[in-house]
Amino acid sequence: MRVGFIGLGSMGLPLARRLLQAGHKLSVYNRTRSRADQLKQFEPVIADSPAGAARGTEVLITMVADDPALEGVLLGEQGALAALPRGAIHVSMSTISPGLSRRLTERHRATGHAYVAAPVFGRPDAAEAGKLWIVAAGPATAIERCRPLFDAMGQGTLAAGEEPARANVIKLAGNFLLAAAIEAMGEAFVLGRKYGIPPAELLDVVNGRLFRSPIYENYGKLIADQRYEPAGFKLKHGLKDVRLALAAAEEVATPLPLASLIRDHYLSAVARGWQEIDWSGLALVAAADAGL
Ligand code: NAP
């Protein structure tokens, strides 16, 4: 397939590499061009603008950081949407607000494009290994046409209906659960440490006997080892996602008291200069508050 790919960050780069390895023809764009050079061995077209990456493609994939970044590459100067052939599909894989997803649904309808929201669960190592879980919502025919691309990037694609914003709500709810698990582990491990119980011993009991989940295992290990760099998912993006969950909840008059607390703890981390470490570094806030 002829695919345009915009956003070659921690997630986008391994995803684009997998599509190239699967034999798709990619034109790629990244704001910082040097990251695109890391794909040179696969000979993609390296575009100088988002429009350049979208021109002549059947599917455009975007994997940029947040709402403003997506609006910029899509609708800004040299934006991708105006250059995307009519009838082509735009697959937005970023974690963005349901509100922007709704606006983009209308906008694409008006310009004669199909819009699919396809946010993902899994970190860069999972992206590298083709182990992401993809939640896709949008026109069923468009999702079906993208199936070979999803299969190259993930271990499974869950279809979440025809309305794209549904996928974004599912992603935000899922990330809120992950952040809540990180917060809870951060606090529990600090309690253990203050009584001289090594985090690894506590994790063995918690994950080995009680919860048995890849989430507790993987994040528990990062927290037990206090290994927050290099970041798989940057803490500033974790804060973004909790904020997005709170904003989406506010729209429908839904309090999320735990999310509010976690947002404040992320802000404490940012105030300490920790925005670029992994978002599991939230546990450092619990440790610092306990004098560790
Ligand atoms: P990242 O490493 O920070 O990369 C962000 C990407 O967005 C880079 O390509 C960056 O370009 C681009 N970008 C940022 N601001 C831009 C702007 N104003 N205009 C144009 N391009 C801009 O982030 P990531 O971890 O790959 O995350 C990408 C998306 O996936 C986010 O929505 C994130 O929430 C989601 N996600 C991440 C993970 C994870 O574990 N990392 C997991 C699931 C979902 P430059 O290279 O020029 O900075």
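Start by selecting Arg31 and the ligand: an N or O atom in the Arg31 side chain sits 2.9 Å from an oxygen atom of the ligand. Keep in mind that you're looking at a predicted model.

Next, click on Ala65. Here it's the backbone that matters: one of its polar backbone atoms is 2.7 Å from a ligand oxygen. Then hop over to Lys240, where a polar side-chain atom lies 2.8 Å from an oxygen atom of the ligand. How much of the ligand does the protein bury? On its own the ligand exposes 900 Å², and the protein buries 86% of that.

Now show everything around the ligand. You should get 27 residues, with Ser10, Asn30, Thr32, Ala65 and Lys234 coming nearest. Colour them by class and you'll see 10 nonpolar, 10 polar and 7 charged residues. Which domains do they come from? Domain 1 (2-162) and domain 2 (169-289) each give at least three residues to this shell. Helix 4 (67-75) and helix 12 each supply at least two, and helix 12 has the largest share, 3 residues.

Last stop: the second largest pocket. Select Pro98, Val169, Ala248, Ala249 and Val252, which lie nearest its centre among the 17 lining residues. The volume of this pocket is about 320 Å³. Highlight helix 6 (98-111), helix 9 (165-194) and helix 12 (235-251) too, since each supplies at least two residues of the lining. Helix 9 gives the largest share, 7 residues. Colour this lining by class as well: 12 nonpolar, 1 polar and 4 charged residues.

Technical notes: Residues are numbered from 1 along each chain as its sequence is written. This is a predicted model: local features need pLDDT of at least 70, side-chain atom pairs count only at pLDDT 80 or more; totals for chains, interfaces and linings use all residues. Side-chain values use heavy atoms; hydrogens and water are left out. On a 1 Å grid over the protein atoms alone, a cavity is a set of points where a 1.4 Å probe fits but cannot get out, and a pocket is an open set with protein on both sides within 12 Å along at least five of seven lines; lining residues have an atom within 4 Å of a point. Grid points are joined across faces, edges and corners, and a volume is the space filled by probe spheres set on the points. Helices (H or I, at least four residues) and strands (E, at least two) are DSSP runs, numbered from the N terminus. Ala, Val, Leu, Ile, Met, Phe, Trp, Tyr, Cys and Pro count as nonpolar, Asp, Glu, Lys and Arg as charged, and the others, Gly among them, as polar. A residue is near a molecule or strand if one of its heavy atoms lies within 4 Å of it. A polar contact is a pair of N or O atoms within 3.5 Å; within protein, one must be able to donate a hydrogen and the other to accept it, and residues adjacent in sequence count only if both atoms are side-chain atoms. Accessible areas come from the Shrake-Rupley method with a 1.4 Å probe; for residues, only the protein chains shown count as cover. Domain bounds come from an automatic or database domain assignment.
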